[in-house]
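Subject: Structure handover

Hello,

The structure I am handing over follows below. My notes on what was found in it come after that.

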Amino acid sequence: MNYLANVHRYQSMEYRRCGNSGLKLPAISLGLWHNFGQIDSLQNARDILRLAFDSGITHFDLANNYGPPHGSAEETFGTIYKDDFKTYRDELIISSKAGYGMWEGPYGDWGSKKYLVASLDQSLKRMGLDYVDIFYHHRPDPETPLEETMTTLDLMVRQGKALYVGISSYQPAEAAKAFEILKQLGTPCLIHQPKYSMFDRWVEGGLLDVLEENGVGCIPFSPLAQGVLTNKYLKGIPEDSRAASHRGNGAIEENQISESTINKVRQLNEIAVSRGQELAQMALSWILKDKRITSVLIGASKPAQVTNSIRCLDNINFTSDELNRINEILK
Ligand SMILES: NC(=O)c1ccc[n+]([C@@H]2O[C@H](COP(=O)([O-])OP(=O)(O)OC[C@H]3O[C@@H](n4cnc5c(N)ncnc54)[C@H](OP(=O)(O)O)[C@@H]3O)[C@@H](O)[C@H]2O)c1
């Protein structure tokens, strides 16, 4: 059946300005790293995307290697985009990335111009798009000169294949260098995509300051530590969880969830309940309490998780007592 978006979709989502740019992003964005591959249900993927857009989520995040197999999340998105979202193209912010191993040989990985140009062309074809809204360099490349990688991002904008550019997982000093090069080229960096959750707070050690100084937005990934910062693992590993799925491609594995982690999750869960939230919601609110965060990038295996996670926006304020108790648990 033809999809008609919810007419009330813009009523409850919050939109935050991305750094010093003209672009606003929804406080919650949806990533397609897992659950959108060739091995996954197309109908479920469609239901998740429709529900997200109906809820005001205008930003969908992809990468060349999302799947499995690599490329298949972009293909799935392309199929659903053609059927459901083509008429809404100007209401959507679609991103892709390159930087991890994508194809055989010396030109299918890292940060050379050769790799990035070919990869974006492939991504556009898979998604059936003329351009992406944001193109990222997915991870720093210790060998390719930063000037080559950044000049390529600038080229993509000049060619009209990307509207904005971003970087992911760059440390503060190398991010600052990248911002300087991009500024000189006339294509300021829009956004940085780092891993950030209650369980991984590295961005607080300088990156967020560098982003603020440079007017660059921030969209943290894996804010629920791939689902660990929810109440789902409190009684073991459910069969339908990511940890039980053995999907590979960086997905969390059962043996990465220790008893001491679950102990912390249990204590955090008690604070969440006292705030009238589920732990997943509190973990997202906790990130969004910082105004330097533009959007938090969630994943979902079911439409209901999107509905559930969005409710974090009902309470993004924390008392200093709550923050202190959380810090104690996370020590
Ligand atoms: N730039 C990078 O290098 C990079 C790396 C990783 C990810 N990312 C981006 O970040 C996005 C999000 O990453 P992520 O999927 O790891 O994020 P996440 O939000 O930490 O984890 C998502 C998973 O948590 C579970 N979940 C989500 N909402 C829930 C809820 N309300 N209640 C209970 N469980 C819930 C689901 O797992 P179950 O399967 O267990 O239900 C879901 O698939 C990716 O899709 C991708 O776009 C970027």
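**The sheet**

The chain contains an open sheet of 8 strands, paired in parallel, with the order 9-8-7-6-5-4-3-10. Strand 9 (217–218) and strand 10 are at the edges; each has a single partner strand, so one side of each has no neighbour in the sheet. Please keep in mind that this is a predicted model.

At one edge, strand 9 pairs with strand 8 (residues 191–193) in the parallel sense, over 2 bridges. In that pairing His 192 stands opposite Cys 218 of strand 9.

At the other edge, strand 10 (296–298) pairs with strand 3 in the parallel sense over 3 bridges. Leu 30 has Ile 298 in strand 10 as its bridge partner. Strand 3 also runs parallel to strand 4 (residues 59–61), and 2 bridges join them. There, the bridge partner of Gly 31 is Asp 61 in strand 4.

Strand 3 (residues 28–31) is covered on both faces. Ile 28 and Leu 30 are buried on one side, and Ser 29 and Gly 31 are buried on the other.

**The chain as a whole**

The secondary structure amounts to 11 helices and 10 strands. The radius of gyration is 19 Å, close to the 20 Å that the globule rule gives for 331 residues, so the chain is as compact as a globular protein of that length. Along the principal axes, the C-alpha atoms fill a box of roughly 50 × 50 × 40 Å.

Buried residues account for 43% of the 331 residues in the chain. If you take the contacts between residues at least 6 apart in sequence, 77% of them join residues at least 24 apart.

**The nonpolar core**

The largest nonpolar core has 86 residues. Those touching the most other members are Phe 77, Ile 134, Phe 135, Val 165, Leu 229, Ala 283 and Val 296. Helix 9 (residues 279–288) gives the most to this core, with 8 residues.

Which residues does Val 296 touch, not counting those up to four places away in sequence? They are Ala 27, Ile 28, Pro 220, Pro 223, Leu 284, Ile 287 and Leu 288. Ile 28 in this list is one of the buried residues of strand 3.

**Around the ligand**

The ligand is surrounded by 30 residues, and the closest are Gly 31, Trp 33, Phe 221, Gly 227 and Gly 299. Two elements give two or more residues to this shell: strand 10 and helix 10 (303–310). Helix 10 provides the largest share, 3 residues.

By type, the shell divides into 10 nonpolar, 17 polar and 3 charged residues. Gly 31, listed among the closest, is also the residue of strand 3 that bridges to Asp 61.

**Backbone points to check**

Most residues other than glycine have a negative phi, and most peptide bonds are trans. The places below depart from that pattern.

- Gly 67 and Pro 68 are joined by a cis peptide bond, with omega about 0 degrees. Pro 68 is in the loop between strand 4 and helix 2 (72–85).
- Pro 68 and Pro 69 are also joined by a cis peptide bond, with omega about -10 degrees. Pro 69 has its place in the loop between strand 4 and helix 2.
- Ser 222 is not a glycine, yet its phi is positive, about 50 degrees. This serine is in the loop between strand 9 and helix 7 (242–245). Ser 222 has 22 other C-beta atoms within 10 Å, and is therefore buried.
- Gln 226 is not a glycine either, and has a positive phi of about 65 degrees. Gln 226 lies in the loop between strand 9 and helix 7. Gln 226 counts as buried because there are 23 C-beta neighbours inside 10 Å.

**One exposed residue**

Is Arg 158 buried or exposed? With 12 other C-beta atoms within 10 Å, Arg 158 is exposed. Arg 158 lies in helix 4 (residues 146–158). Thr 187 is 29 residues from Arg 158 along the chain, and their C-alpha atoms are separated by 8.9 Å.

Regards

Technical notes:
Residues are numbered from 1 along each chain as its sequence is written. This is a predicted model: local features need pLDDT of at least 70, side-chain atom pairs count only at pLDDT 80 or more; totals for chains, interfaces and linings use all residues. A residue is near a molecule or strand if its C-beta atom, placed from the backbone, lies within 6 Å of it. Helices (H or I, at least four residues) and strands (E, at least two) are DSSP runs, numbered from the N terminus. Ala, Val, Leu, Ile, Met, Phe, Trp, Tyr, Cys and Pro count as nonpolar, Asp, Glu, Lys and Arg as charged, and the others, Gly among them, as polar. A nonpolar core is a set of buried Ala, Val, Leu, Ile, Met, Phe, Trp, Tyr and Cys residues joined through C-beta atoms within 7 Å. A residue is buried if 20 or more other C-beta atoms lie within 10 Å of its own, exposed if 12 or fewer, and partly exposed in between; C-beta atoms are placed from the backbone. Two residues are in contact if their C-beta atoms, placed from the backbone, lie within 7 Å. The radius of gyration is taken over C-alpha atoms; the globule rule is 2.2 Å times the number of residues to the power 0.38. Two strands pair if DSSP finds at least two bridges between them.
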